[in-house]
Amino acid sequence: MDTMRERFAPVVSRILDEDPRVAVVLAEIGKDGFAEARRRHPHRVINVGIREQLLIGAGAGLALTGLRPVVHTFASFLVERPFEQLKLDLGHQDAGAVLVSAAASFDWPAGGYTHMAPGDVALLDTLDGWTVHVPGHPDEAETLLRHAVAAGDDKVYVRLSVQANRQAHAVDGARALTVREGRRGVVVAVGPMLDAVLDATEGLDTTVLYMTTVRPFDAAALRRATGAAGTDVVLVEPYLAGTSTAAAGEALADVPHRVLGLGVGRRELRRYGTVAEHVAAHGLDAGALQKRIGDFVAGA
Amino acid sequence: MTITEGTPRPATHADLPGLMSLMTGDEKHGPAATSTLDVLWVLYDRVLRVSPKRPDDPARDRFLLSKGHGPMAYYAVLAAKGFVPVDWLPGFGSYDSPLGHHPDRTLVPGAEIGSGSLGHGLPLAVGTALGLRAQGLDEPAVWVLVGDAELDEGSNHEAIAFAGAEGLERLHTVVVDNASASHALPGGISARFEAAGWSAVTADGRDHEALHSAFTVAHPGRPHVVVARVEPKSA
């Protein structure tokens, strides 16, 4: 299976052929994948060099002229480093863009903390009007990339990762899917966390919702699920633990409820190694999830 | 446009102090009190192809005020040229006014960007020039006004280096230099632009003819910067 990131350049290259409004803006990272597209569209595939403030500022400037910029680099350099550009050049200027990140929370553990961005979605939560897609499979990434580009002048973040589920689901760019129905709690699995969540909840009588569009948060789906499964809610997210706890709390504000937010811990591990080792270190492997989810719903 | 009902005539440079005093309440407010006034006037009066009648014309020139501090001169020029109603000026900075102490593009007719945080205009201008080029709009010029101390912000240097290497001919920067940067070397501003491949001219920022000449110099294949020197801020 290819990775989401390997899918990104071919898909967006086709979109460049189809839609003259689309432009790609890069900061060195990912440029090889767009070499052919750049030959066909030399003025709509732009590499600004290792300049991430300019990456966002120039992307916003393209949008001000009516284009639809697709802006790409690693999550830490796309969201964290030029964060004020996201706030002002896109938000305050009322300009839209599709931001597509790679490397996620710890896709390259041997690269260390400088290339990890578990806080990206939480940071975007401080801003207004962002749609956030977190695909769990390369096919879903393709679908969500197309939704993102087609979303008018919206501000959209697409978070690509090497972590992926075994099979793709029919995601629609907005709603959560019900993957399993139970009567004792609702587990929301975000993007690449689904397989581990399904394995972990095999013997538990819980509903599993699969969410690949986390902003706006599908509050209606969560409320519906609690109708049969009760209002014990576990969120399992591939980025900072608790990122969606407030959104789940808002969805259930008028009913008594309990929420457990699982995800990547805040503490810097200062470890290299493999993705699997980091998943385990953050308690996100199926075995650890089984215990954490099981204890939570049993304690109801 | 008309400044006062009943006396229809085009606004002139001499009207600007009166327009500014509507915002500041200072009757003695002269042009020298604001570093950007003459640069803005020459651009809007003689260089920029923009019109309040066609604010969304894709082929219009773009002027981006990056140095958003002290925007009274900008609002005065926009009022003089008919973009902003004169009767908006006295409300400057109040809750219901579209005119804040930093401009907001969604509120101010004719403002291409909102600014206030320094170092955002040049990257936005680079993107604007790229966007126009990608759409085959080779005529419109993109202008961005920055302050000399604003160039302290590293984001500008990302934009300057890229624009020079890319040969963004339709991109123009005017640096209003009132010697307000704490750490600067004489001649350092134009030298940095030139090192990045820009065409560069330094002019007296109060001399309208000199500014016009500097603004309209040919610069084939290269972006162009005008360093407009005015009285030092500390003087």
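Colleague: What domains does the assignment give for chain A?

Modeller: Chain A is given domain 1 (4-159) and domain 2 (177-298); such bounds come from an automatic or database domain assignment. This is a predicted model, where local features need pLDDT of at least 70, side-chain atom pairs count only at pLDDT 80 or more, and totals for chains, interfaces and linings use all residues. Residues are numbered from 1 along each chain as its sequence is written, while chains are lettered from A and ligands numbered from 1 in the order in which they are written.

Colleague: How many residues of domain 1 of chain A are in contact with domain 2 of chain A?

Modeller: There are 23 from domain 1 of chain A, set against 21 from domain 2 of chain A. Being in contact takes C-beta atoms, placed from the backbone, within 7 Å. The centres of the two domains, taken over C-alpha atoms, are 26 Å apart.

Colleague: Which elements give two or more residues to the domain 1 side?

Modeller: On the side of domain 1 that touches domain 2 in chain A, they are α6 (120-124), β5 (130-133) and α7 of chain A. β5(A) gives the most, with 4 residues. Helices here are DSSP runs (H or I, at least four residues), strands are too (E, at least two), and both are numbered from the N terminus. By class, that side of domain 1 has 13 nonpolar, 6 polar and 4 charged residues. Nonpolar covers Ala, Val, Leu, Ile, Met, Phe, Trp, Tyr, Cys and Pro, charged covers Asp, Glu, Lys and Arg, and polar takes the others, Gly among them.

Colleague: And what does UniProt list for residues 2-167 of chain A?

Modeller: The unreviewed UniProt entry lists "domain: Transketolase-like pyrimidine-binding" there. Over residues 2-167, chain A is 41% helix and 18% strand, with its end C-alpha atoms 12 Å apart.

Colleague: On to the helices. At what angle do α1 and α7 of chain A pack?

Modeller: Helix α1 (residues 4-18) and helix α7 (residues 138-150) of chain A pack at about 40°, their axes 9 Å apart. That makes α1(A) oblique to α7(A). Under 35 degrees would be roughly parallel, over 145 roughly antiparallel and 65 to 115 roughly perpendicular, so the rest is oblique. Angles run from 0 to 180 degrees between N-to-C directions, and axes are lines fitted to C-alpha atoms, for helices over the stretch in contact.

Colleague: Which residues make that contact between α1(A) and α7(A)?

Modeller: α1(A) brings A:M4, A:R7, A:F8, A:V11, A:V12 and A:I15, and α7(A) brings A:P138, A:A141, A:E142, A:L145 and A:V149. They split into 9 nonpolar, no polar and 2 charged.

Colleague: Why do you call α1(B) oblique to α3(B)?

Modeller: Helix α1 (residues 16-24) and helix α3 (residues 72-80) of chain B pack at about 125°, with axes 9 Å apart. That angle makes α1(B) oblique to α3(B). From α1(B), the contact uses B:L16, B:L19, B:M20, B:M23 and B:T24; from α3(B), it uses B:M72, B:A73, B:Y75, B:A76, B:V77, B:A79 and B:A80. By class that is 11 nonpolar, 1 polar and no charged residues.

Colleague: How many residues does each chain put into the contact of chain A with chain B?

Modeller: Chain B puts in 22 and chain A puts in 24. On the chain B side, α4 (121-134) and α5 (154-166) are the elements that give two or more residues. The largest share, 11 residues, comes from α4(B). The chain B side divides into 10 nonpolar, 9 polar and 3 charged.

Colleague: What makes α3(A) roughly perpendicular to α5(B)?

Modeller: Helix α3 (residues 52-64) of chain A packs against α5(B) at about 75°, with the axes 8 Å apart. That angle makes α3(A) roughly perpendicular to α5(B). A:Q53, A:L54 and A:G57 of α3(A) meet B:S155, B:E158, B:A159 and B:F162 of α5(B). These residues divide into 3 nonpolar, 3 polar and 1 charged.

Colleague: Is the peptide bond from A:R215 to A:P216 cis or trans?

Modeller: The bond is cis, with omega near -5°. A:P216 sits in the loop between β10 (213-215) and α9 (219-229) of chain A.

Colleague: What is phi of A:D94 near?

Modeller: Phi of A:D94 is near 60°, a positive value in a residue other than glycine. A:D94 is in the loop between α5 (83-92) and β4 (97-102) of chain A. Most residues other than glycine have a negative phi, and most peptide bonds are trans.

Key
Contact = placed C-beta atoms within 7 Å. UniProt positions renumbered as here; feature names shortened; annotations may be inferred.
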